[in-house]
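Reader: I would like a close look at one part of this structure, the backbone in the loops, with attention to peptide bonds and torsion angles that stand out. Please take me through it step by step.

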Protein chains: 2
Amino acid sequence: MSSRRRFLQHAGLGGIVAAGVAPGVVGARPAMRWRLASSFPKSLDILHGCTERFARNVSEATDGRFTISIYAAGELVPPFSVLDAVGNGTVDCGHTAAYYYFGKDEAFSFDCAIPFGMNSRQQTAWMFDGNGLALLRELYADHGVVNFVMGNSGTQMGGWYRRPVRSLDDLKDLRVRIGGFGGMVFERLGVLTQNIPLSDAYPALEKGTIDATEFIGPYDDLKLGLHRVAPHYHYPAWWEGSGQLSLYVGTEAWNALPAEYKSIVERAASDAHVLMQARYDARNPAAMKRLLGEGARLAPFPREVLDAAFAASQDLYTDLDARNPRWRRIHADYRRFLADQVQWHATAEAHYNAYMRTLDL
Amino acid sequence: MSSRRRFLQHAGLGGIVAAGVAPGVVGARPAMRWRLASSFPKSLDILHGCTERFARNVSEATDGRFTISIYAAGELVPPFSVLDAVGNGTVDCGHTAAYYYFGKDEAFSFDCAIPFGMNSRQQTAWMFDGNGLALLRELYADHGVVNFVMGNSGTQMGGWYRRPVRSLDDLKDLRVRIGGFGGMVFERLGVLTQNIPLSDAYPALEKGTIDATEFIGPYDDLKLGLHRVAPHYHYPAWWEGSGQLSLYVGTEAWNALPAEYKSIVERAASDAHVLMQARYDARNPAAMKRLLGEGARLAPFPREVLDAAFAASQDLYTDLDARNPRWRRIHADYRRFLADQVQWHATAEAHYNAYMRTLDL
């Protein structure tokens, strides 16, 4: 389909509402209506709330002229099809986790999380003041999408296990529900990864057809009740030192925006980005207390598991550096930035936080 | 002066430019020009860049109708008079560090930093999803100001010392340039605090009329060259686990804004907030390397110093709880939130970061 035809079809689906308004004209404030497809269900209310805040921001800043309707996972397109749907103009924009698309190109993961990657502040620094955003925009351009940072979970928990993981041996032949890079690294440690829908995780853990599943962190995990059937709550998720979420806007939809709407969209996304991390941070503690009160048993992964996973992840990255030029290009920058960040954060930040943890507050 | 008279005077200084435009009318997009007074000099380019980004955001989102001119420290009002200048309508808005005003009310410090307080993510969480913003807005309302979160430095460095601090005894009679709460706690440890302008710190350290000064972190500190006269760089600044900066808007200037401009100002501030932390994080590592290359000697404060400072800070807070009801009210909420945060961040986040620091990246 030509760009022109796709654009007209797209405009018919939503797009520009006011007849006769020329998009892209400086100073014009056309009435516009966009549809946002989320990869997440409404029940994940922090993720969903992030898109609601974004849409409200845009509407308020345009006195209601530019409205964005939010569709939860599956309402318009399947949860893992947001990249395609935005890129081909089926929807104007989307909210998703970039690593869902690592099967198309492993480099998408840099926009979300890779094992032993950046923490939340480091990732935001790379995106806003490092080369992250520019490098990823090149990748997305090939898929008809302009990406924006919109949300982060912080370091996630390592998930729910029926039996405690006390050694590397305990992972052997363990059936764990995990995908993406985390899953690939787990497989190299002898895990049998499973790919069942999240809604089936509870009965599968209860029956013992799987041994473990990972998810997000206390606030979201509490709703699933997994601690009742798999009480051992391991941490950290070394495959998600932070999990960045993204706003995707179709390249053509983006180019059709007046300059001021572009600015409004971009700042609205930044604001929603701040809000998501704030909500997770503010709400996780109470959820953790409740989980512990209901029998969750908290334990770190053993050091030998982390070491083996780190080694396996580096092998994987070496392979990818050799066979995916896009990955190699972004990885070189990401890895250098990460090394500098870890070194710097080890100083004032780490000592301060470590000291605070020793106090009786 | 009556509110009405003050408002008219204020409008004459800048304010509403387009004659005959009724402020506050829904849907109106009046031409407006604001002046922003910063507490910081242009040489602190990350702090200054934050206000530039903010002003550009507002201008872009209004197609140039709403412009904000930035005045560096001292250009319009003295650096520590921003609260008053914004509150009495001398300027429309300002960018400052709230703890400069702790002499008016100690509770202002909760909007910036208190010794052994929240780190950057925790502070943002308290402001955006805890009770922080609402509690502080009550305090600011009494001073004619509406506050917004706009920037954070992260955990700061503890400053430059001519001789290393190896024990609590080394602080006895030490002449340290530090103010605010940090200074009050240092005094309880036997330090003689000094209050000289920053520009005098280099010669004073060189001559030995002071023994140490604190500032911010590697990126800003490098420019001062203090490492050449006081090479011992201690960390962390336990009086600034993070340093939050604020946008102040005069209550009357704020109320005169159309609803959409209010939304645009608020999101523009969020975006500048993200940018400042990102810049500090992204740029500190290279500055630290350079400082170390030029002879800076990095060392943590001894544990006994931290313990004594923590004990002294808690005594101070007990005194304040007893004599400042506003402090007590905000402190109760802050302290509860902090305790929960530290406990939660000690889990996945801390273990992940601690593991990453052990790696050869």
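Author: **Loops with unusual backbone geometry**

In this predicted model, A:Pro236 is found in the loop that runs between β9 (232–235) and β10 (244–250) of chain A. The peptide bond that joins A:Tyr235 to A:Pro236 is cis, with an omega of about -10°. In chain B, B:Pro236 is likewise placed in the loop between β9 (232–235) and β10, and the bond leading from B:Tyr235 to B:Pro236 is cis, with omega near -10°. These bonds deserve a look because most peptide bonds are trans, just as most residues other than glycine have a negative phi.

Two residues of chain A bear on that second point. A:Asp63, in the loop between α2 (45–61) and β2 (66–71) of chain A, has a phi near 50°, a positive value in a residue other than glycine. A:Phe116, which lies in the loop between β3 (93–96) and α4 (120–129) of chain A, has a positive phi near 55° and is also not a glycine. As for their surroundings, A:Asp63 has a relative accessibility of 29% and therefore counts as partly exposed, whereas A:Phe116, with a relative accessible area of 3%, is buried.

Returning to chain B, the strand β10 that borders the proline loop belongs to an open, mixed sheet of 5 strands in the order β2-β1-β3-β10-β4. Strands β2 (66–71) and β4 (145–152) of chain B stand at the edges with a single partner strand each, so one side of each has no neighbour in the sheet.

Methods: Residues numbered from 1 in each chain as written. Chains lettered and ligands numbered in written order. Predicted model: local features only at pLDDT ≥ 70, side-chain atom pairs only at ≥ 80, totals over all residues. Heavy atoms only, no water. Pairing = 2+ DSSP bridges. Helix = DSSP H or I, 4+ residues; strand = E, 2+ residues; numbered from the N terminus. Buried < 20%, exposed > 50% of the residue type's maximum accessible area, 1.4 Å probe, protein only.
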